[in-house]
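Hi,

Here is the structure I said I would pass on to you. Have a look at it first, and then read on for what turned up in it.

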Amino acid sequence: MTHRILNTLVVAVLLLTAIPVSAQLPSTQRGVGLTQGDKIDISDMYFGAAGTYPVGAELTPSILNSYAGCKVVGIRFAVSQNISNSRIFLYVVENNTIGEPVISQKVRNATAGWNEIYFNNNNSYDIRGDETLLLGYDYVETDAMVAAGTGAMCTAGTDAGAGFLAYGNFGSGEAWYSLGDYGNLCVQLIVDITSLPSQDIDFTYLFFGNKYKKHGEIIDFFSMYSSVGREKVGTYSLAYQIDQRPATIVQFADTLSGSESWEVEFPVPDDLSIGEHTFRVFVNSIDNQTPQAVANDTLESKFYVYANPLQRQQHYFEQYVHYQSPYVPYVSAEIDALAKTTTDVAFVNVSAAGTPLAVPEAAAYESLYAYTYPSFTIDRYYYPGEAHIAFDINDYVLIFPGLAAEAVRELVYEANLNPAFATVNIEPHYDSDTRQLTLHCTGTTSPDALPIFGDLAITLMLTEDNVQGMQAVYNEATQRTTWDNTYKHNHVLRQILTASAGDRLILNGNTFAVDYTVTLPTAWKPEDMHAVAFLTRYATDIALDEDDALEMDITNCNSIALHDCVTSGIVDTTSASANAVPVAYYSIDGQRVTTPSRGIYIVRYSDGQTRKIAIP
């Protein structure tokens, strides 16, 4: 079964008063989920069509790691009226996919209120703490419910996303869909907590905002923490700290039995050095004693102090596409239109591995960023609080035309707040006889680049427009998906000229210059192509984990259309200023020559112009 989280699904909702029920869990057990205790904010939710719908919620390691070593002995869920022939289930989610259920158990009758369903035959599941679990129940909607305009599903809070999932075919095949804007589904694990310490506090969430900070800029961090021991916590103190500087300790006198939030504002200290720093929050004391269980007492976030930003040239838009996805034409149509009206974004479409237009070296990008098709990143930058680096807007495009382009514009606006620490320029040289293309890349770096990034890397790509190929398309008239064998794909990634993770830049002071030469295949149309270059942190291997990927955002990007140099054979074949001198010679096949002899050469002059000359 494929675990695919989509972003929107409209369901009918009827708001009623929350059911005043109490859990009957013993003191050795706790309900663990995205909802707290017995709270119900919305009840009587329904789909409006009779049937059986698996519904549930996804619990990530940030919640489960506080219960590592504990046993799940059952599942509890709330409904607002009796449902029969239901089922509880528990899945482990791995690589966005779920296989066979860990637990699947029938529920003959669930009554109005919270239902505690214990696993049969003393079955249990041991929580590792590093896994993701999908738990839930089968919601059974009857014809009578549809006729009455009322259902039985209950939610709490205002969260969306993975806190309320439904399995079925809601427009894009059978998959798990996310129901937005209705809160978290009232479903929890029943966890045996006898192995937990008597008192314990865990931090479960830290939001630090943009990781690039200037001196004096206000840091506004937001955190969540929970009492996860067997007993309530009386007085306690929390602390925050930058690097190994003295920590700021805050005392709390209120009893803690569930989850609370903590938010503080303070300026970036003026004496912090330019470069990388670590901010952390931690539990300092519980009832005036040093905590005994400290496994999850601390959360950290890296940030970077800067002072000398450079001009942003372009932002890098990377979209992950699949020819079998009927959403691709909807999103791509908007992106293609946007590309014609904007000059501050470079567009690249990466085709899924194993598909006709795939570039094998790009499979590493896909494994790091793509979790559905299409999805995209801006500068590969991670926006704090998001579940992924990439964004998925597939379903919105069908409901809100223009949303894809608007989302990109908004994210580009946000990305403009990120400083650049290097620039990159591309100068193309093309020989139509040999189809040799040479790209001369130059740039400068800020004094902040080394302390923030360490070594920089350049990634250089070629893309092509108007590439004909197969594509699934949705026919709105027939409401069916068909194949278009003449579909025109744009911004298609054709080749990566550097290593997939980029080539390490060798600086000469604060500048660099590097050349790349390639022979274009005859099937490619260079007049429809672009060269795209971007700069990021250097990594020896693109096989990064998700935490590494958070630090691989792109500090600057630039692109150039090859049309002008292709149609003329060279960027400029006729002119160089009167007092310009040659600074570089290239053979006709694009190779740089240090001591030219007799022959025809492409010469780059000190004024930036290039022409073809013959040395007798």
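Let's start with Leu-34, which sits in the loop between strand 1 (29-32) and strand 2 (42-45). Keep in mind as you look around that this is a predicted model. Leu-34 has a relative accessible area of 27%, so it counts as partly exposed. Setting aside neighbours within four places in sequence, Leu-34 is in contact with Ala-57, Glu-58, Leu-59, Ile-63, Ala-162, Gly-163 and Asn-184. Leu-185 is worth finding too: 151 residues separate it from Leu-34 in sequence, yet their C-alpha atoms are 7.9 Å apart in space.

Ser-227 is another good place to stop. You'll find Ser-227 in strand 18 (residues 218-227). Its relative accessibility is 6%, and with the cut-off for buried at under 20%, Ser-227 counts as buried. Not counting residues up to four places away in sequence, Ser-227 touches Arg-30, Asp-200, Val-233, Leu-256, Ser-257 and Gly-258. Ser-227 and Ser-66 are 161 residues apart along the chain, with 9.7 Å between their C-alpha atoms.

Is the charged-looking name in strand 5 (residues 83-94), Arg-87, buried or exposed? Arg-87 is buried, because its relative accessible area is 18% and the limit is under 20%. Its side chain makes a polar contact, at 3.1 Å, with the side chain of Ser-104. Ser-104 also shows up among the residues that Arg-87 touches beyond four places in sequence, along with Pro-54, Gln-105, Lys-106, Val-107, Gly-136, Tyr-137 and Asp-138.

Now the nonpolar cores. The largest one has 53 residues, and those with the most contacts inside it are Leu-439, Ile-458, Leu-462 and Leu-562. Helix 6 (residues 403-415) gives this core its largest share, seven residues. If you click on Ile-458, you'll see contacts, leaving aside neighbours within four places in sequence, with Val-424, Cys-441, Thr-498, Gly-502, Asp-503, Leu-505, Phe-512, Val-514, Tyr-516, Ala-533, Phe-534 and Leu-535. Another core lies apart from the largest one; it has 46 residues, including Val-32, Leu-64, Tyr-67 and Val-72. As general background, nonpolar side chains tend to be buried together in soluble globular proteins.

Helix 3 makes a nice check on geometry. It runs over residues 328-339, and at 1.5 Å a residue its 12 residues should span 16 Å; the C-alpha atoms at its ends are 16 Å apart, which agrees. Helix 3 is also mostly covered, with nine of its 12 residues buried. Those buried residues are Val-328, Pro-329, Tyr-330, Val-331, Ser-332, Glu-334, Ile-335, Asp-336 and Leu-338.

How many disulfides does the structure hold? Zero. Cys-70 is buried, with a relative accessible area of 1%. Cys-186 is in no disulfide either: the nearest cysteine sulfur belongs to Cys-154 and is 5.6 Å away, while a disulfide needs the sulfur atoms within 2.5 Å. Cys-186 has 0% relative accessibility and counts as buried.

Last come the aromatic rings. There are 35 aromatic pairs in the structure. Take Tyr-205 and Phe-222: their ring centres are 6.3 Å apart and their planes meet at 65°, so this pair is edge-to-face. The pair links distant parts of the chain, with Tyr-205 in strand 16 (residues 201-207) and Phe-222 in strand 18, 17 residues apart. Tyr-205 is partly exposed at 33% relative accessibility, and Phe-222 is partly exposed at 26%.

Then there is the pair of Tyr-212 and Phe-421, with ring centres 5.8 Å apart and planes at 55°, so this one is tilted. Tyr-212 belongs to strand 17 (residues 212-213) and Phe-421 to the loop between helix 6 and strand 27 (425-431), so the pair links parts of the chain that are 209 residues apart. Both Tyr-212 and Phe-421 are buried. Finally, ring pairs join Phe-203, Phe-208, Phe-221, Tyr-225, Tyr-236, Tyr-240, Phe-252, Trp-262, Phe-266, Phe-279 and Phe-303 into a cluster.

Enjoy looking around!

Terms used
Residues are numbered from 1 along each chain as its sequence is written. This is a predicted model: local features need pLDDT of at least 70, side-chain atom pairs count only at pLDDT 80 or more; totals for chains, interfaces and linings use all residues. Side-chain values use heavy atoms; hydrogens and water are left out. Helices (H or I, at least four residues) and strands (E, at least two) are DSSP runs, numbered from the N terminus. The expected span of a helix is 1.5 Å times one less than its number of residues. Buried means under 20% relative accessible area, exposed over 50%, partly exposed in between (1.4 Å probe, protein chains only). Contact means heavy atoms within 4.5 Å. A nonpolar core is a set of buried Ala, Val, Leu, Ile, Met, Phe, Trp, Tyr and Cys residues joined through side-chain atoms within 4.5 Å. A polar contact is a pair of N or O atoms within 3.5 Å; within protein, one must be able to donate a hydrogen and the other to accept it, and residues adjacent in sequence count only if both atoms are side-chain atoms. Rings of Phe, Tyr and Trp (its six-membered ring) pair if their centres lie within 6.5 Å; planes under 30 degrees apart count as stacked, over 60 as edge-to-face and the rest as tilted.
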